[in-house]
Amino acid sequence: MRVERELMRGAGPVAVLGLLEQREMYGYELVEALSSQTDGVLAMGRPTLYPLLYNLERKQLIRGVWREAESGRKRKYYGVTKKGMAWLRVQQKQWGSLIGAMAGLGLIDVGSGRR
Amino acid sequence: MHWTGRRPQNGRREDGLETPAIREERLLAESRIPDEVRGYLRAVMDSSKLHGAARFDVLKELVAHFEDGLAARRTAEDLLNDFGDGELVGILIRRSRREARWTPRRLGRLGNRTADISQDLGQAIRGLRRNPGYTAVAVLTLALGIGANTAVFSVVNGLLLRPLPYPAAHELVLPVLTKPAEGVRQGPVGYADYLRWREETGVFQNVGLYVDWNLNITGGERPERLKGAIVSHRYLEVMGVPPLLGRTFVPEEHERGAGRAAMLSKGFWERRFGGDPDIIGTSILLDGESYQVVGVFPPEAQWPREAEIWMPLTFGAVTPDWVLEMDARGYSVVARLQPGVELSQAAAVVDQIARRAAAERPDTRAGFGATVIPLRTYVVGENTRRALWLLMGCVGFVLLIACANVANLTLERSLGRQKEISIRAAMGAGRSRSVRPLALECLLVAMLGGAVGMAVSVWGTAALAAVAPAATLPGIHELGVDLRLLVFGLGISLATGLGFTLAPASLVAKLDLRQYLTEGGARAGHGPAGRRARSTMSVIQLALSVVLVLGAGLTAKSTMGLVQTDPGFREEGVLTMKVFLPHYPPDSPEGRMEGQVYRAFTERLKDLPGAVSAAAVSALPLSADGLFDYLPFQAVGGVEPMIGETHFANWNIVGVEFFETMGISLSRGRAFSRDDVPTGPKVAVLSESFARELFPNQNPVGKRLRSTSSVVSGDPLEVVGLVGDVRYTDMADAGRNVIYVPQSQSAWRAMAMVLRFEGDPGERVDEVREAVWAVDPSAPITEVRTMAQVTAESLAAPRFATTLVAIFAALALVLAVVGVYGVVNVSLRQRYHELGVRKALGAEGGDIGRLLVGQGAKLAIVGIGIGLPAGMALTRLLSGLLFEVRASDPAILLGVPLLLGASALAAAAFPARRAARIDPVEALRVE
């Protein structure tokens, strides 16, 4: 199932920061992770992922560093900054209360979510 | 280290370092990605327009992405599909990185918004620079529209809106007499009227009476003619300003036989006396009499406007009876309204009083009423005022057409930019944010157009002032830039920006982005909505230009009529001038023969080589100042006229050879001769129209008439001849009643001389002056002009108006035709494929051409269909300004649609010809 653009606009950055909070990742890894860990719900088009990363980097929510990957090739690894952590906490709270509210209305079943 | 400019072939700079381009290529070459991906990445980077380290960083990351994908055993094709349009990816990357440059970090929301706008503005500027063609055409079109509007507005502003230089100038009015039945809308006033208006109305704070009174000042190198006025007591109080220097007239100075006093204008005081503060109390010589200067008139009270000297009216305490005669009407009145009194109220009051006078004295006052004219209207003239507003309407239409044109261009351009707008929307920009760069671009174009337009208007205003007849547009040479004008210029530019932005923007905002994404964008938005918008715009242009061209056609026809009108005289070879006799002391030789001085001038002038004939005249054709206004006459011995049937005629004193010199045709009887001596029987020559009115169906020669006015002597005049009608005030003034009397029997001290030469009279000016001064060196000479110049000046105003309207109409027509061309041309581009298919299926080139011409024809028919009735309704406003042309002139009503239609078809024919030659093979390939 695909998520509507407007929703994706809000969810995309949160998802990306959430993933990067777990561990630092480079672009291709991130694409695969977004797709596999969300059953494709948050699978982001490549044309938008990289611009999104640059945008978050500009806002100083993430930081990219070039270093050698396991394969021996150099990759740009992105990690969450302190500012990004704080932002993520706020977003998590908001999403939590939004989902809670939706559940309270009986519109969604919270148990069906992964994670 | 320095950059040498050209990149060496080997990819190394002279200092041995690698160029960025080479570095990129090396990265691509050393990566493990197939050629198609390399090409794709080059396209992405090109469209990203990034530079330096940031660019290399992004490329490195994207290469890594593809390497990882290939390593994960995905195909290159699969990976490329994931990314999609390379150009779009590049633009998205550019935008995500570029924003960093614009956004101030800690300025909060406001800062972000400003940053957004400045970012969009930057984009708009780049967009315009990328399309110099569009920008130039749009800016120029608008500049013409805005420039023309601002130029005309600066005239309207200077002449109609800016207050006259008097304190509370809106309160100043001129009460005048009217005679609706004879079309007299602002006739001179009687002294008795003045007294009643002053005493009985209660609507005026102050009422002043004045008579234009010009006189000669001597003592300088050459005698000079001064414009002045004789004014009633407390005249300055009407204007509400104290004298600049000295005092105003005291009651004793208004007594008959009092010592002569004068006030000078500031300009005259400075020009003639160098602004000498000790001028008060000194004497100056006017018309041979000594006047004591008592004060200097303040410039902000200077009325009449051109007056340079004021003298007190000296009737004394008891007004003489003859002055109180209701038919002695040679005065003007200026009054200041009580605060809060409306114009209409004051007009009603003075009219009521005049009607009462008409009831009391029906013999001389039947049919007279009165009204008040605002000073401004009097200065500018009602016709000029209307003409100026109409002109403002004309240029307004031109601007609307220009807007519609630019709107069409912009629409074209914005439809070509859906890709960008889709990208913005895809990145989550709201609708307004998506359209904003476009709107900003339009606003920029409008502002640029406004700036260039202001320059155009400065030039246009100067050009207007240079060619405008100063007589019709007094003050045209003193137009300045003021706040109102600047606000107008800015406002009109902004309104224009809004005007031509709204249509395209709303259309773009409605675009279906999915349609763009699925169809690749090539044809999206060129659907019916776009076509309709373009056609509507074109129809509006056509309709507006129909109105303008109609107006121009009518005005031109009217002016042509004026030019071709027979003025009643022959102007070739005639030179004219005004000569003013000094007041000779009664016992001097000149004084004893005062009446004969003009005859002496005449004889002297006739002695000049090449001179054919010469004469004096009190009222020169086509410049009727000096016509003794409207005297009542009746036939002697006939039936006494019924009350209210008095016949009025203008009194013109002429020399013996006047008719011959002016080439005025004698239709009956004889002209004046030397035998018409002062002591002989009084004789007159009538204009044909007056003779017809006074002696219907009779031969007037030998008949006698006399004036019922006490202003001229009551002796009966014998009609000795009849001459053709002559246009006295202007070309449009036909059949004025004129009674000519010989100069030998009726002296007048301010006359014009007319002189017929063989050959060009313009070269004889100096000789003529010297000849006059040989007779009397103290007689001022003014307005030396050939009769051809007099005629040209009288036609200057209508010619000027016609030229302006014609220019604006031509501009409108060209813009509208370009509009039609644009619509058909776009249609050709969009239907290229379809037209190719038609041709491939066997359609002839002619059929295809006709298809497009048909589209132009449809636009023309609808445009004309709307414009013609609108034009007929609007041109009715012109009717009072037209000469012998009705607003519903059939030739114009037929010709204008034909002209517009033919122009529209011709505009459509260009793309149609190209369409006819479409190569079906090529057209089919285009899809």
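Does B:Ser888 count as buried or exposed? I looked this up before anything else, and B:Ser888 counts as exposed because it has 12 C-beta neighbours inside 10 Å (buried means 20 or more other C-beta atoms within 10 Å of the residue's own, exposed means 12 or fewer, partly exposed lies in between, and C-beta atoms are placed from the backbone).

I note that this is a predicted model, in which local features need pLDDT of at least 70 and side-chain atom pairs count only at pLDDT 80 or more, whereas totals for chains, interfaces and linings use all residues. Residues are numbered from 1 along each chain as its sequence is written, and chains are lettered from A and ligands numbered from 1 in the order in which they are written.

**Around B:Ser888**

I placed B:Ser888 in the loop between α28 and α29 of chain B (helices are DSSP runs of H or I with at least four residues, strands are runs of E with at least two, and both are numbered from the N terminus). Leaving aside neighbours within four places in sequence, I found B:Ser888 in contact with B:Met872 and B:Leu893, where contact requires C-beta atoms, placed from the backbone, to lie within 7 Å. I also checked B:Leu554, 334 residues from B:Ser888 along the chain, and the two C-alpha atoms are separated by 8.9 Å.

**Helix pairs in chain B**

I then took the two helices that flank this loop: α28(B) and α29(B) pack at an angle of about 155 degrees, with their axes 8 Å apart (axes are lines fitted to C-alpha atoms, for helices over the stretch in contact, and angles run from 0 to 180 degrees between N-to-C directions). That makes α28(B) roughly antiparallel to α29(B), given that angles under 35 degrees count as roughly parallel, over 145 as roughly antiparallel, 65 to 115 as roughly perpendicular and the rest as oblique. The crossing of α28(B) past α29(B) is right-handed, the near helix being turned clockwise from the far one by less than a right angle, while anticlockwise would be left-handed. By class, I recorded 19 nonpolar, six polar and one charged residues in this contact (Ala, Val, Leu, Ile, Met, Phe, Trp, Tyr, Cys and Pro count as nonpolar, Asp, Glu, Lys and Arg as charged, and the others, Gly among them, as polar).

For α7 (residues 132–161) and α15 (residues 382–415) of chain B, I noted an angle of about 165 degrees and axes 9 Å apart, and this pair is therefore roughly antiparallel. Here α7(B) passes α15(B) in a left-handed crossing, and the contact residues divide into 22 nonpolar, five polar and two charged.

**Nonpolar cores**

I looked up the largest nonpolar core, which has 98 residues; those touching the most other members are B:Val398, B:Ile401, B:Leu542, B:Leu548, B:Phe808 and B:Ala812 (a core is a set of buried Ala, Val, Leu, Ile, Met, Phe, Trp, Tyr and Cys residues joined through C-beta atoms within 7 Å). The elements giving two or more residues to this core include α7, α15, α28 and α29 of chain B, and α15(B) gives the most, with 18 residues. Not counting residues up to four places away in sequence, B:Ala812 touches B:Phe397, B:Val398, B:Ile401, B:Leu544, B:Ser545 and B:Leu548.

**Chain A and its partner**

I read four helices and two strands in chain A, running α-α-α-β-β-α from the N terminus on. Of its 115 residues, 29% count as buried. At the interface, 18 residues of chain B are in contact with 14 residues of chain A, and α5(B) gives the most to the chain B side, with eight residues.

How values were computed: Two residues are in contact if their C-beta atoms, placed from the backbone, lie within 7 Å.
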